[in-house]
Amino acid sequence: MSKLDSVVPEKYTLDSKFKFRCHKGIKCFTHCCSNVEILLTPYDVVRLKKRLGISSGDFLEKYSFIKIDEKSSHPYAILKMNDDERHRCPFVTDEGCTVYTDRPANCRYYPVGQGTLKKDTEDGPVDEEFYFFIREPHCYGFHEKQQWTIESWRKDQEVDLYDQVNRGWRALQLRKNLLGQPALDPQKQSQFYMASYDLDKFREFIFTSNFLNIFDIDDETVEKIKTDDKELIQFGVRYVRYVMMLEESLQLKQDAGKYRKNK
Ligand code: SF4
Ligand code: SF4
């Protein structure tokens, strides 16, 4: 969820304390679920498509739109708000979030935001994570007395599981504004998008094209990605890193050439 003019720029750590409580009786209940830009992560799409009993393609078509990030040229799926006066989230009702136990990572984090900074170390530059608070005038949660650390908030909201599954993809996402990195062409953008979000299509591509004749993938991985979406997210990151030429994260088979020509 983002409204950047409301962001308090101080940087906080996992130990930082804050007071907050969000509950059904609060007068701003669901006010934060309208007119917001919620960037979806791969695991958000997995959880929501399962919740709704639809394919990743149908979920993306109905509930999201693509936004190309200006700095990195990466394509991201953004949750599509309703096309009405209030631009409400399609999953909100007066009773609250109808997909609460499968809500996206950014909804879980709120009112905490996450960022990274490049820090110079003896071993070269590393990304350092920090947290910040999003204090919006309509949110009364900060007036409540329940105390948290950012760490206990993350656990309570079960966002630590999301971060674990999305870790490799998040590392890709943070590769913004790298000097000398060429922008992704439309074909690479579409491969990035499919392997990040449209996992049912990605699986179909792996198992019905010459993919497994071209790339040398071990049997254990092949078995896992047949059915396990969390494994497929990790494999998708390997594929995107290969496509973006960040590393040789996939190896070609010795006779790959004949399949590539016949594709
Ligand atoms: S998914 Fe749920 S929590 Fe997130 S904005 Fe929509 S209604 Fe609110
Ligand atoms: S505005 Fe704040 S307190 Fe109110 S429902 Fe949203 S998160 Fe909870």
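Two residues are in contact if their C-beta atoms, placed from the backbone, lie within 7 Å. Keep that cut-off in mind as you look through these views of a predicted model.

**Figure 1. Helix α7 and the helices that its buried residues pack against.** Helix α7 runs over residues 199-208, and its buried residues are Leu199, Asp200, Phe202 and Ile206. These four sit on the same side of α7, because they cover an arc of only 160 degrees around the axis. Follow that side outwards and you meet the partners of the buried residues: α1 (42-52), α2 (56-63), α6 (186-196), α8 (211-214), α9 (219-227) and α10 (229-243).

**Figure 2. The whole protein, to help you find your way.** Here you can look for 11 helices and 9 strands. The radius of gyration is 20 Å, close to the 18 Å that the globule rule gives for 263 residues, so the protein is as compact as a globular protein of that length. Along the principal axes, the C-alpha atoms fill a box of roughly 65 × 50 × 35 Å. Of the 263 residues, 25% are buried. Now consider the contacts between residues at least 6 apart in sequence: 73% of them join residues at least 24 apart.

**Figure 3. Where domain 1 touches domain 2.** The domain assignment gives domain 1 as residues 4-173 and domain 2 as residues 186-252. Taken over C-alpha atoms, the centres of the two domains are 26 Å apart. How many residues of each domain are in contact with the other? There are 17 from domain 1 and 16 from domain 2. On the domain 1 side, α1, α2, β4 (75-79) and α5 each supply at least two of the touching residues. That side of domain 1 is made up of 11 nonpolar residues, 6 polar residues and no charged ones.

**Figure 4. The surroundings of ligand 1.** Four cysteines help to surround this ligand: Cys33, Cys89, Cys97 and Cys107. The shell also includes Phe91, Val92, Val99, Arg103 and Pro104. Sorted by class, this shell has 8 nonpolar residues, no polar ones and 1 charged residue.

**Figure 5. The surroundings of ligand 2, with Gly141 among them.** Around ligand 2 you will find Cys22, Ile26, Cys28, Phe29, Thr30, His31 and Cys32, together with Tyr110, His138, Cys139, Tyr140 and Gly141. The shell divides into 8 nonpolar and 4 polar residues, with no charged ones. Take a moment with Gly141, which lies in the loop between β8 (124-134) and β9 (147-149). Is Gly141 buried or exposed? Gly141 counts as buried, because it has 20 C-beta neighbours inside 10 Å. Although Gly141 and Arg21 are 120 residues apart along the chain, their C-alpha atoms are separated by 4.9 Å. Leaving aside neighbours within four places in sequence, Gly141 is in contact with Phe20, Arg21, Cys22, Ile26 and Pro111. Two of these names, Cys22 and Ile26, also appear in the shell around ligand 2.

**Figure 6. Val159 in helix α5.** Helix α5 covers residues 159-173, and Val159 lies within it. Val159 counts as buried because it has 22 C-beta neighbours inside 10 Å. Which residues are in contact with Val159, leaving aside its neighbours within four places in sequence? They are Ala105, Arg108, Tyr109 and Arg154. For Val159 and Glu95, 64 residues apart along the chain, the separation between C-alpha atoms is 22 Å.

Definitions and conventions
Residues numbered from 1 in each chain as written. Chains lettered and ligands numbered in written order. Predicted model: local features only at pLDDT ≥ 70, side-chain atom pairs only at ≥ 80, totals over all residues. Near = placed C-beta within 6 Å. Nonpolar A, V, L, I, M, F, W, Y, C, P; charged D, E, K, R; others polar. Buried ≥ 20, exposed ≤ 12 C-beta atoms within 10 Å, placed from the backbone. Arc of directions from axis to C-beta. Domains from an automatic or database assignment. Rg over C-alpha atoms; globule rule 2.2 N^0.38 Å.
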